[in-house]
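Hi everyone, thanks for coming. Today I'd like to walk you through one protein chain, from the overall picture down to a few single residues. Please have a look at it first.

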Amino acid sequence: MSEPKDSPRWFEQAPAPIQAEPRTAPARKDLWVRCPGCDQILFRPALLEQLAVCPHCRHHHRWDSRARLEMLCDEGSFERHDRFVAPLDPLGFADSKPYSSRLAATQRAQGELDAYIAGSATLNGLPVEIGTFDFRFMGGSMGSVVGELVTRQFERAAENKRPAIVISASGGARMQEGILSLMQMAKTCAALARLRDEARMPYISVLADPTTGGVAASFAMLGDVILAEPHALIGFAGARVIRETIRQELPEGFQTSEYLLEHGMVDLIVPRDELKDTLVRLCRHFTPRR
Ligand SMILES: [Zn+2]
């Protein structure tokens, strides 16, 4: 094949402008995750398919609240309540940035208004009121909205005579709401007392990693039965604060599910894949026959 005489040779042609191919999907930085239990590098989508439990060492990774509800509730049975209760900034609080902008950024990133999801559902056909914390939303901290949603959940359980289940994963009270967030401890516990004393329905508390601060110091530790996930961090204050306050070395495994089970603060450690059956068994056992 011969070129026409007047066309420039290929090395004399001006280079074509470089065009970037648009990406079809944004780059994912979080496709791989190092397991804190065994140091293996795990492929995140595969890990999530296995309930976020490491296939090598069975370490229970922190897990998304919606995936958790999907695993626990019978398919299509979850009816969400109080979805549009939104937090305010009554104190006009600001640390490194204003609480209101911190909230707005987290709400955009997580697609949720606050750190708790609650609803009615059935578990193996058993009607319950169930709720979970979302640790990714400001460390699952309990402000006025979380406290209100937990309270309403206990009230619904009392009214409908259903067991209540709360899965906690929280750093504690939300400091940005000051005393208003501390008040949620008393408010939730009062609603829980009514569930127990008046409606006589059981409340099962499930402690996931981590359950600390004002959540651990209120309803999370008041379950008729307290379950925990393996190796979850459970405690009130952080280990360093305690060590520096009492000026003593802390025992090995302090503030883990296993340590608390040994010392009578937790009733049972339940692997994630056995949680649903265990919850149903316990709820049925503790629900008074009518
Ligand atoms: Zn592992």
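Let's begin with the overall picture. The protein chain has nine helices and nine strands; here helices (H or I, at least four residues) and strands (E, at least two) are DSSP runs, numbered from the N terminus. The radius of gyration of the chain is 25 Å, well over the 19 Å that the globule rule gives for 290 residues, so the chain is more spread out than a compact globule. For the newcomers: that radius is taken over C-alpha atoms, and the globule rule is 2.2 Å times the number of residues to the power 0.38. Along its principal axes, the C-alpha trace spans about 100 × 45 × 45 Å.

Two words on the ground rules. Residues are numbered from 1 along each chain as its sequence is written. And this is a predicted model, where local features need pLDDT of at least 70, side-chain atom pairs count only at pLDDT 80 or more, and totals for chains, interfaces and linings use all residues.

Now, how many of the 290 residues count as buried? The share is 34%. A residue is called buried if 20 or more other C-beta atoms lie within 10 Å of its own, exposed if 12 or fewer, and partly exposed in between, with C-beta atoms placed from the backbone. Contacts are next: two residues are in contact if their C-beta atoms, placed from the backbone, lie within 7 Å. Among contacts with a separation of 6 or more, 67% join residues 24 or more positions apart.

On to the domains. The domain assignment gives domain 1 (29-61) and domain 2 (63-286); such bounds come from an automatic or database domain assignment. Seven residues of domain 1 are in contact with nine residues of domain 2. On the domain 1 side, the touching residues divide into four nonpolar, three polar and no charged. In this scheme Ala, Val, Leu, Ile, Met, Phe, Trp, Tyr, Cys and Pro count as nonpolar, Asp, Glu, Lys and Arg as charged, and the others, Gly among them, as polar. The centres of the two domains, taken over C-alpha atoms, are separated by 24 Å.

Let's go inside. A nonpolar core is a set of buried Ala, Val, Leu, Ile, Met, Phe, Trp, Tyr and Cys residues joined through C-beta atoms within 7 Å. The largest one has 52 residues, and Ile165, Leu195, Val206 and Leu207 touch the most other members. Helix α4 (residues 144-160) gives the most to this core, with seven residues. Which residues does Ile165 touch, not counting those up to four places away in sequence? They are Val128, Ile130, Ile204, Val206 and Leu279.

Leu72 shares one of those partners, Ile130. Leu72 sits in helix α2 (residues 65-72) and counts as buried because 22 C-beta neighbours lie inside 10 Å. With the same sequence neighbours left out, Leu72 touches Leu123, Ile130, Leu275 and Lys276.

Next, helix α5 (residues 178-197). Its 20 residues reach 30 Å from first C-alpha to last, close to the 28 Å expected at 1.5 Å a residue; the expected span is 1.5 Å times one less than the number of residues. The buried residues of α5 are Ser181, Gln184, Thr188, Ala191, Leu192 and Leu195. What covers them includes α4, β6 (164-170) and β7 (203-211).

Strand β7 also holds Pro210. Is the peptide bond from Asp209 to Pro210 cis or trans? The bond is cis, with omega near -10 degrees.

Finally, some positive phi angles. Met138 has one of about 45 degrees although it is not a glycine. Met138 is in the loop between β5 (126-133) and α4, and is buried because 24 C-beta neighbours lie inside 10 Å. Gln255, also not a glycine, has a phi near 70 degrees. Its place is the loop between α7 (239-246) and α8 (257-262), and Gln255 is buried, with 21 other C-beta atoms within 10 Å.

Just after α3, Gly111 takes a positive phi of about 70 degrees. Gly111 lies in the loop between α3 (99-110) and β4 (116-123). Is Gly111 buried or exposed? Gly111 is exposed, because just 8 other C-beta atoms lie within 10 Å.

That's my tour, thanks for listening!
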